[in-house]
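Got the model open in your viewer? Here is a short tour of what to select, stop by stop.

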Amino acid sequence: NQLIKYLIYMTINYSNNKEVRVDFVPKDDYLSRDFLKEEEKFLWSRVWQVACREEELKNIGDYVTYDILNESIIVTMVGEQTYKAFFNVCQHRGRRLVDGCGRTGAFRCKFHGWQWDLDGRLAKVHDRHDWEGCSEMEDEDLRLKEVKVASWGGFIFINMDPDAESLESFLDPMPKYLDCYQFEKMRYRWYKSVKLPCNWKVATEAFTEGYHVWASHPQLLENGGDDHTLSYAMGKHGRFGYPPI
């Protein structure tokens, strides 16, 4: 897997030449701006990411925006259980088309009024006749730029890499362990986004180990019992939980 090979390369070359050991991870992986920029280029632009839940897109024309670093993605429902995703940018002058979530029949730029159908096709150009003679501005060339989209377990994923592996391949082998929970039948009651003043890996790793519970959340032990947990790698993914797993 090229992504994993690259991350290994980055870990070695952006960590003062200190390789990761089983008992040591170089601090530069969490502090280096160069490392973060390389993640933007080679990780977030190529990996499958959860953009929203299917229940957020109940009707044709419903949309949500998913923002990651400097990129913004529109995910919209275009037919029954059929979704499309686009870069959230006007193909005329680069303005953001939408914010947040909502429902629309078309995506319209508020700057010059250009408009695109839900399938990304250019539908309206204000004073189109002014553009006559521009042979390289065919409607097909000005479609919204698509992003790969797929779903599993009621979650809708996006991937900005047109050559990315399929979501099915990316998730393997996790679905065979998780499909029994029928996530597609679950519904969220609410969610909240929180910005933390730390590298994303610091925040993520706090939720993949239970060693801290006895000190940080001792009240949980009254009902949860012993905080003995297991955590290990499974291909591109990690597995964490209480035994037996």
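Before the first click, a working definition: a residue is called buried when its relative accessible area is under 20%, exposed when that area is over 50%, and partly exposed in between. Keep in mind, too, that this is a predicted model.

**Stop one: a phenylalanine.** Select Phe 107, which sits in strand E6. Buried or exposed? Its relative accessible area is 0%, so Phe 107 is buried. Now add Leu 144 to the selection: the two residues are 37 apart in sequence, and their C-alpha atoms are 9.7 Å apart in space.

**Stop two: a charged patch.** Switch to a surface view and pick Arg 95, Arg 108, Lys 110 and Lys 124, which come together as a patch of positive charge on the surface. Zoom in on Lys 110, in the loop that runs between strand E6 (107–108) and strand E7 (115–116). Lys 110 has 64% relative accessibility, so it counts as exposed.

**Stop three: the cysteines.** Show the cysteine side chains next. How many disulfides does a search of the whole structure find? The search turns up 0. Take Cys 52: the closest cysteine sulfur belongs to Cys 101 and is 9.8 Å away, which is too far for a bond because a disulfide needs the two sulfurs within 2.5 Å. Cys 52 is buried, at 5% relative accessibility.

Cys 134 is in no disulfide either, and its nearest cysteine sulfur, in Cys 90, is 15 Å away. With a relative accessible area of 34%, Cys 134 is partly exposed. Click over to Cys 90, in the loop between strand E4 (82–87) and strand E5 (101–103); at 3% relative accessibility, Cys 90 counts as buried. For a longer look across the model, draw a distance from Cys 90 to Arg 239: their C-alpha atoms are 40 Å apart, with these positions 149 residues apart along the chain.

**Stop four: salt bridges.** Side chains of opposite charge can pair when their charged atoms come close. The structure holds 8 salt bridges, and three of them make good stops.

- Select Lys 201 and Glu 39, whose side chains meet in a salt bridge with an N to O distance of 2.8 Å. Lys 201 is in helix H6 (residues 200–206) and Glu 39 in helix H3 (residues 33–44), so this pair ties together parts that are 162 residues apart in sequence. Both partners are buried.
- Select Asp 139 and Arg 128, which form a salt bridge at 3.0 Å, N to O. Both lie in the loop between strand E8 (122–124) and strand E9 (146–152), so the parts tied together here are 11 residues apart in sequence. Asp 139 is partly exposed at 29% relative accessibility, and Arg 128 is partly exposed at 37%.
- Select Lys 236 and Glu 165, a salt bridge whose closest N and O atoms are 3.9 Å apart. This pair links distant parts of the chain, 71 residues apart: Lys 236 is in the loop between strand E11 (230–234) and strand E12 (237–241), while Glu 165 is in the loop between strand E10 (155–159) and helix H4 (167–171). Lys 236 is partly exposed, at a relative accessible area of 32%, and Glu 165 counts as partly exposed at 29%.

Definitions and conventions: Residues numbered from 1 in each chain as written. Predicted model: local features only at pLDDT ≥ 70, side-chain atom pairs only at ≥ 80, totals over all residues. Heavy atoms only, no water. Patch = residues over 30% accessible without salt bridge, like charges linked within 9 Å, V, L, I, M, F, W, Y side chains within 5 Å. Areas by Shrake-Rupley, 256 points an atom, 1.4 Å probe, with all protein chains shown as cover. Salt bridge = Lys/Arg side-chain N within 4 Å of Asp/Glu carboxyl O. Lys, Arg positive; Asp, Glu negative; His and termini not counted. Charge placed at Lys NZ, Arg CZ, Asp CG, Glu CD. Helix = DSSP H or I, 4+ residues; strand = E, 2+ residues; numbered from the N terminus. Buried < 20%, exposed > 50% of the residue type's maximum accessible area, 1.4 Å probe, protein only.
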